[in-house]
There are 2 protein chains.
Amino acid sequence: MADVAREAGVSRATVSRVLSGSVDVAPERRDRVLAAIQELGYVPSSGAQQLAAGRTRSIGLLIRDSRNPTYGLLHAEVQRWAEEAGLEIITAMPTHHRGAPQEMAALRRLLGMRVGGLLVATGVVRTSDIKQFTSVLPVVSVGRPENDPEVYGVSYDEVDNATQLARAVYEHGHRRVAVMSTSTENSLAENLRGDTSAAVLRELGCEVTKIDTRRFAPLSEITATMIDLVRAGKVSAVMFSNDLWMLDFVTHARRIGIRVPRDVSVIGCDGVLHGLPYMDLASLRLPVEVVARRSIDVISQLMETPGSMEIVHETYGGELQLADSLGHV
Amino acid sequence: MADVAREAGVSRATVSRVLSGSVDVAPERRDRVLAAIQELGYVPSSGAQQLAAGRTRSIGLLIRDSRNPTYGLLHAEVQRWAEEAGLEIITAMPTHHRGAPQEMAALRRLLGMRVGGLLVATGVVRTSDIKQFTSVLPVVSVGRPENDPEVYGVSYDEVDNATQLARAVYEHGHRRVAVMSTSTENSLAENLRGDTSAAVLRELGCEVTKIDTRRFAPLSEITATMIDLVRAGKVSAVMFSNDLWMLDFVTHARRIGIRVPRDVSVIGCDGVLHGLPYMDLASLRLPVEVVARRSIDVISQLMETPGSMEIVHETYGGELQLADSLGHV
DNA sequence: CTGAAAGCGCTAACAT
DNA sequence: ATGTTAGCGCTTTCAG
């Protein structure tokens, strides 16, 4: 910065002023500064800026790894709306199977960067663990069940989703159903989804076989379990807590001669996977875009004027996407 | 930090020492410091650390938005290997359709954070634009064609890929083929892919209809063009420069009664989309994992000891994934 | 092994 | 409108 100042024949303060644009600078000097910046290829150190100013316009995003397209989409959408709102996103993406401690470490990194707000979009870390930060900066749970009175939440209405899904299965005539429920150590949302679907089906009088996954269980394990159930003739439909499980199942099932929906019906959840309609697989499309957008709305307002908003727990329901895989009524 | 020092009854320097772990500190004092850190929930400011130390262990990643699962996967893999190597990734994800200037702005942000290296994994920004940074820090092009003698490159062997794809089409008996080539403003890699495939097919004696996309053309436009070609009976096969285009095409085609591969054969590229085998769609699987890993290898070595490695342009070929969509030989 | 002190690159009063 | 100056929170000599 000193170089730029010297080159332009002004003080460092003036350089800072044209950089921030907050204060008026004589046009002629401004141009000289701009030229010097260009010439020297100067890029201000955001660390130093943050340090001196004591604040940041950037917001930390803790998000699950984007191998799962739903998170890829969420990430892209959050990014997009943040940009729109003039906010910078700093992403921390812990490798999924490493679990909660790893996620806390990533959070700590974000705090180290002195972000002005936190968006938590992983399924694993507990709210009780992130509550300690709420006194320092606004924290918003994104796309994960949230009901802590100190943490904002913008997420999917998993109860509504699960109910829609269960009803659809029931209405397609299924009475003996396998329902998978992801481990809470894997995904809070998917766990809630599975539990709720199972409960709804039972209430409707169905015979439900609930499959709880182990911590970070591999796809193949669930698929094998489900295939056994189908072979044993125990169920006529299987509900998966996300589309990837469903896809793995149908792929393997077909390979060994189990046909969908002739031999077994399936339905998943997320609805983000490309080609779902082409594959005739039923699912429920999560309102990812809306959730991303509202998250940015909430956190940007919170960063603007902290405490300007009561704690909210917004939830948005998804849209059922029926397809042949559910069999015929 | 001062609070921690006071709480532990040591100087700030000592706190810094236990934080870095670089210098020996008397065990008893170390424990007191650690306890104080815990108690006060202290998280060091990475900005200040960087400022004082003058360096960073973090590397900047410029990557295309993860709506496209291939980039989602690349992102996750880069993240994973970086973690393994003890490096932090700072991600900048410009919204895709905003183009090169936007990407440069994102790059500048990364430089502002004083990252120690740059991984460029977007299809749009030109090498000539990023060359200016090579004198300041190591820059590696990831998953995009690179041949500039000053910039490292770890990418896909698009010529080999395109050749494999074209050969497969030819060997399945197709002689009149439509080949799409993405605009260079959209993706350098896909452009090269398309051009090469077309050239190879022509060399083999095929009648090639090349479709060059406009800048950021919507999916629907390409699909419509291809459908017209098929309806007019002009081609028996269509090559898409990535799987998403292919998927959009087959979905719409089926809707209007065009059957794949009965009426037209198709092949895509990337091979990352979930469910490709289930959909019986032919493609070519890019070695995303390898490219991600090698990129981290290269940049970590470069950051360790700058200039310790000659400029390399590694390329890795993909693996053809045949399927019914290509018709029968 | 530990503390004191000098910055790192920047911003924000405070003068002028 | 512009320059001067005092830090921001940390690391790193340099003494001891």
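Which strand order describes the open sheet of six strands in chain A? In this predicted model, the order is β2-β1-β3-β4-β5-β11, and the pairing of the strands is parallel. The edge positions are taken by β2 (88-92) and β11 (313-316) of chain A; each has a single partner strand, so one side of each is left without a neighbour in the sheet. From one strand to the next, the twist averages 20°. Within this sheet, β1 (residues 58-63) and β3 (residues 117-121) of chain A are joined by five bridges in the parallel sense. At the level of single residues, Leu62(A) is found opposite Val120(A) in β3(A).

Two helices of chain A are placed against these strands. Helix α5(A) lies across β1, β2 and β3 of chain A, and its direction is at about 175° to β1(A). Helix α6 (residues 100-112) of chain A likewise lies across β1, β2 and β3 of chain A, at about 170° to β1(A).

The domain assignment divides chain A into domain 1 (2-44), domain 2 (57-157 + 288-317) and domain 3 (158-286). Over C-alpha atoms, the centres of domain 2 and domain 3 of chain A are separated by 28 Å. The contact between these domains involves 15 residues of domain 2 of chain A and 17 residues of domain 3 of chain A. On the side of domain 2 of chain A that touches domain 3 of chain A, helix α5 (residues 69-84) of chain A gives the most, with three residues. The composition of that side is six nonpolar, seven polar and two charged residues.

A second open sheet is described for chain B. Four strands, in the order β7-β6-β8-β9 (chain B), form this sheet with parallel pairing. Its edge strands are β7 (207-212) and β9 (265-267) of chain B, each of which pairs on one side only. The twist of this sheet averages 20° from one strand to the next. Strand β6 (residues 176-181) of chain B runs parallel to β7(B) and is joined to β7(B) by six bridges. One residue pair in this region is Met180(B) with its bridge partner Ile211(B) in β7(B). Helix α9 (residues 188-203) of chain B packs on the sheet and touches β6, β7 and β8 (237-239) of chain B, with a direction at about 160° to that of β6(B).

The contact between the two protein chains takes 42 residues from chain A and 42 residues from chain B. On the side of chain B that touches chain A, at least two residues each are supplied by α4 (46-53), α5 (69-84), β2 (88-92), α6 (100-112) and α11 (243-255) of chain B. Helix α5(B) provides the largest share of this side, eight residues. By class, the side of chain B that touches chain A comprises 18 nonpolar, 16 polar and eight charged residues.

Both protein chains contribute to the surroundings of the DNA. DNA strand D is surrounded by 26 residues, of which the closest are Ala13(A), Ala26(A), Met1(B), Ser16(B) and Ala52(B). The surface near DNA strand D receives at least two residues from each of α2 (12-20) and α4 (46-53) of chain A and α2 (12-20) and α4 of chain B. The most is given by α2(B), with six residues. The class distribution of the surface near DNA strand D is 15 nonpolar, seven polar and four charged residues.

Around DNA strand C there are 25 residues, and those that come nearest are Met1(A), Ser16(A), Ala52(A), Asp24(B) and Ala26(B). For the surface near DNA strand C, α2 and α4 of chain A and α2 and α4 of chain B each supply at least two residues. This surface has 15 nonpolar, seven polar and three charged residues.

The helix α2(B), which supplies six residues to the surface near DNA strand D, also packs with a second helix of chain B. The axes of α2(B) and α3 (residues 27-40) of chain B come within 10 Å and cross at roughly 90°. The arrangement therefore makes α2(B) roughly perpendicular to α3(B). In this contact, Thr14(B), Val15(B) and Val18(B) of α2(B) meet Arg29(B), Arg30(B), Val33(B) and Leu34(B) of α3(B). The residues of the contact of α2(B) with α3(B) comprise four nonpolar, one polar and two charged.

Conventions
Residues are numbered from 1 along each chain as its sequence is written. Chains are lettered from A and ligands numbered from 1 in the order in which they are written. This is a predicted model: local features need pLDDT of at least 70, side-chain atom pairs count only at pLDDT 80 or more; totals for chains, interfaces and linings use all residues. Two residues are in contact if their C-beta atoms, placed from the backbone, lie within 7 Å. Ala, Val, Leu, Ile, Met, Phe, Trp, Tyr, Cys and Pro count as nonpolar, Asp, Glu, Lys and Arg as charged, and the others, Gly among them, as polar. Domain bounds come from an automatic or database domain assignment. Two strands pair if DSSP finds at least two bridges between them. Axes are lines fitted to C-alpha atoms, for helices over the stretch in contact, and angles run from 0 to 180 degrees between N-to-C directions. A residue is near a molecule or strand if its C-beta atom, placed from the backbone, lies within 6 Å of it. Angles under 35 degrees count as roughly parallel, over 145 as roughly antiparallel, 65 to 115 as roughly perpendicular and the rest as oblique.
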